[in-house]
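Please look over the structure shown below before reading on. The report starts with a single residue and then moves outward to its surroundings.

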Amino acid sequence: MKDSERIIHGVVASVGAAIGRALRSFDPLFVSFNLKLRPEQVRKEVDRFRGSVEKSREQLKRMQSQLKRKSGPESSFLIDAHLLVLQDRLFVDRIIDKIENEQINSEWAIQQVSEDLFQAYDRLNDDYLRERRGDLEDIVRRLLHNLQSNPLPSFKKLPYDAILIGKVVPPSTLFELRSQRVVGLATETGSPLSHTAIMARSLEIPAVVGAPELAEVSSGDLLIVDGDRALVIVSPSDATLDEYKNRRRDEKTPKKKGRSAASAPSVTEDRVRISLGANINFSEEVRPAITIGCESIGLYRTEFDFFREGKQPDEESLVADYSLVLKSAKGAPVTFRTIDVGIDQKSWDGVNMNLGVRGLRFCLENTDVFKKQLRSLYRASVFGPMRILLPFVSSVDDLDSAHEIIAEVRQELDLKRLGYDPGVPIGVMIETPAAAQTCDLMASRVDFFCLGTNDLIQYYLVVDRSDRSVVHLYNPFHPAILRCLHQVYTLLHPTGKPVTVCGEMAADPPSAAVLLGLGFTSLSVSLAAYPRIKRMIRSVSYAQLRDLAAQILKMQKPRDVEEKVRATVYRP
Ligand code: PEP
Ligand code: MG
């Protein structure tokens with residue numbers, strides 16, 4: 001019998017609606033999926049699991065003999081514990097039973113069996129035995145890793161349109177699966193400002209986040225993700241399915257129209273030119289951006305590409321990637337932001353680094369990584385105009401340290417006689433309160449600024465941008481934000497240094513209009529937002545927006561500001 005329809009509420013991350021079958025992703029550090037196999041796939045899947053066990057055993061044996069040679073037999077017993085897990089029938093045979101009886105993939109079977117064992121370990125009273133949980137964790141990671149090098153055949157191309165679900169889904173996973181029939185996204189945690197949500201919008205994949213009840217949804221369940229109404233419909237009725245299928249048909253045409261409007265001149269009604277660039281997260285987005293007529297890549301978040309394979313790329317492959325980006329940009333300037341490790345991205349050890357070693361801080365502590373990226377960027381710079389942007393800067397000292405490293409990199413390139421453009425502009429993101437307060441002190445040290453409102457708002461209003469429970473407090477119309485932006489403009493205008501606003505505030509027509517009113521004439525937004533922001537720019541009078549900004553700067557409450565702005569600005 002068909003299950004009855006159920007509605008789960010969440011928060012909108014990306015508009016539009018999608019119909020598909022749930023595909024659950026688990027373990028954010030080692031992303032795997034729960035797939036329902038066809039009966040004829042089961043035998044092969046068991047072989048695949050056995051292959052991973054065998055490979056793990058060989059690796060461990062190799063490690064053991066190396067360890068014996070290096071530090072004697074005493075320490076090699078550590079590896080024995082891992083080898084024993086691989087021989088443990090309670091572990092290996094139970095996984096095989098699960099694959100066979102429940103017709104599921106190895107990753108999911110490993111996850112379920114190990115969860116039971118982890119819980120059993122946690123209940124133990126003996127500290128020594130409880131510590132052995134670590135051995136099991138280690139072996140689980142190894143098995144999952146070895147399975148990744150031999151991907152599930154059906155996973156190379158999903159057999160159905162899939163809605164990716166999970167507690168969290170890393171942005172890189174969403175990107176990698178986009179061409180494999182992933183049509184929607186729904187996560188139990190997260191907020192519209194998380195990088196996964198930004199990625200979903202840039203890929204135009206309907207998405208709902210912050211929906212904890214999704215925990216009860218299993219892979220294979222039929223779902224509708226409605227990013228316009230912030231809900232997920234589980235096991236929709238035939239009538240609901242028909243309604244959404246009809247809606248999908250009706251929506252196809254306006255999208256194309258929007259795209260062609262994107263190439264119209266970027267000027268306001270009163271002929272003020274506004275520079276409008278594109279934010280991209282992966283090198284593959286450059287070509288579509290140029291095709292729809294974007295005049296620049298105002299923000300390229302390089303961290304997603306950097307960690308794409310789950311490991312760091314080498315210098316030669318980075319040079320090749322960045323050169324290709326510049327060639328594909330066909331002369332349009334590209335602003336490469338150096339890696340910003342943090343937010344909901346994969347961290348080295350799984351902690352949230354919002355207030356910790358993020359962005360430039362990470363690079364200054366890991367100079368080998370930073371230098372490698374800088375060398376690659378400079379080496380690619382001969383292929384087209386580029387700018388280098390430093391994220392998460394909070395002091396002039398940070399900047400000076402970054403400049404020293406940049407100078408060292410350039411010296412190295414000179415010594416090796418490797419060609420580069422010595423005039424590559426260097427800029428900073430203004431996204432911490434400290435940078436907003438001191439940007440004028442930084443001005444003599446940089447060539448340009450980018451205003452990162454996503455972080456600036458979270459730090460100014462003390463609202464974690466990835467936390468659903470405070471999403472209602474995240475508000476670009478808050479007087480504190482308007483005053484902060486006004487101050488940044490007032491501090492920077494006399495310096496003559498260009499400023500581009502590249503946070504999501506620039507991607508929503510009413511808040512983008514506020515930015516214009518505050519004097520910012522350069523914006524950069526995702527490809528999905530590009531057409532609507534271009535339409536907004538062409539439909540407003542800059543002089544009127546300047547007046548509007550003067551009025552809202554005197555207002556007290558975010559709601560009043562928002563109402564006033566919405567009443568004035570056309571929203572396509
Ligand atoms: C920002 O903080 O506004 C920004 C553009 O960067 P990110 O969203 O990558 O933190
Ligand atoms: Mg930021």
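## A buried aspartate

This is a predicted model. Asp455 has a relative accessibility of 3%. The cut-off for a buried residue is under 20%, so Asp455 counts as buried.

Glu431 is also buried, at a relative accessible area of 1%. These two residues belong together in the next section, which concerns a metal ion.

## The magnesium ion

Ligand 2 is a magnesium ion, and its protein donors are Glu431, through OE, and Asp455, through OD. The donors lie 2.0 Å from the ion. Glu431 sits in the loop between strand E14 (426–430) and helix H17 (433–442), while Asp455 is part of helix H18, so the pair ties together parts of the chain that are 24 residues apart in sequence.

## Ligand 1 and its contacts

Around ligand 1 there are 16 residues, and the closest are His195, Arg301, Gly452, Asn454 and Arg465. Three side chains can be described by the distance from one of their N or O atoms to an oxygen atom of ligand 1. For Arg301 this distance is 2.6 Å, for Arg465 it is 2.8 Å, and for Glu431 it is 3.1 Å. Glu431 therefore has two roles in this description, as a donor of the magnesium ion and as a partner of ligand 1 through its side chain.

How much of ligand 1 does the protein bury? Taken alone, ligand 1 exposes 290 Å², and the protein buries 100% of that.

## What the shell is made of

Sorted by class, the shell around ligand 1 holds six charged, five polar and five nonpolar residues. Helix H9 (195–203), strand E11 (297–301) and helix H18 (453–461) each contribute at least two residues to this shell. The largest share, three residues, comes from H18. Helix H18 is also where the magnesium donor Asp455 is found.

## The chain as a whole

The chain has 572 residues, and buried residues make up 54% of them. Its secondary structure consists of 23 helices and 17 strands.

Contacts can also be sorted by how far apart the two residues are in sequence. Among those between residues at least 6 apart, 69% join residues at least 24 apart. On the outside, the chain exposes about 25,300 Å², and carbon and sulfur atoms supply 52% of that area.

Methods: Residues numbered from 1 in each chain as written. Chains lettered and ligands numbered in written order. Predicted model: local features only at pLDDT ≥ 70, side-chain atom pairs only at ≥ 80, totals over all residues. Heavy atoms only, no water. Near = heavy atom within 4 Å. Polar contact = N/O pair within 3.5 Å; in protein donor to acceptor, adjacent residues only side chain to side chain. Areas by Shrake-Rupley, 256 points an atom, 1.4 Å probe, with all protein chains shown as cover. Helix = DSSP H or I, 4+ residues; strand = E, 2+ residues; numbered from the N terminus. Nonpolar A, V, L, I, M, F, W, Y, C, P; charged D, E, K, R; others polar. Donors = N, O, S within 2.8 Å, 3.2 Å for Na, K, Ca; no water. Buried < 20%, exposed > 50% of the residue type's maximum accessible area, 1.4 Å probe, protein only. Contact = heavy atoms within 4.5 Å.
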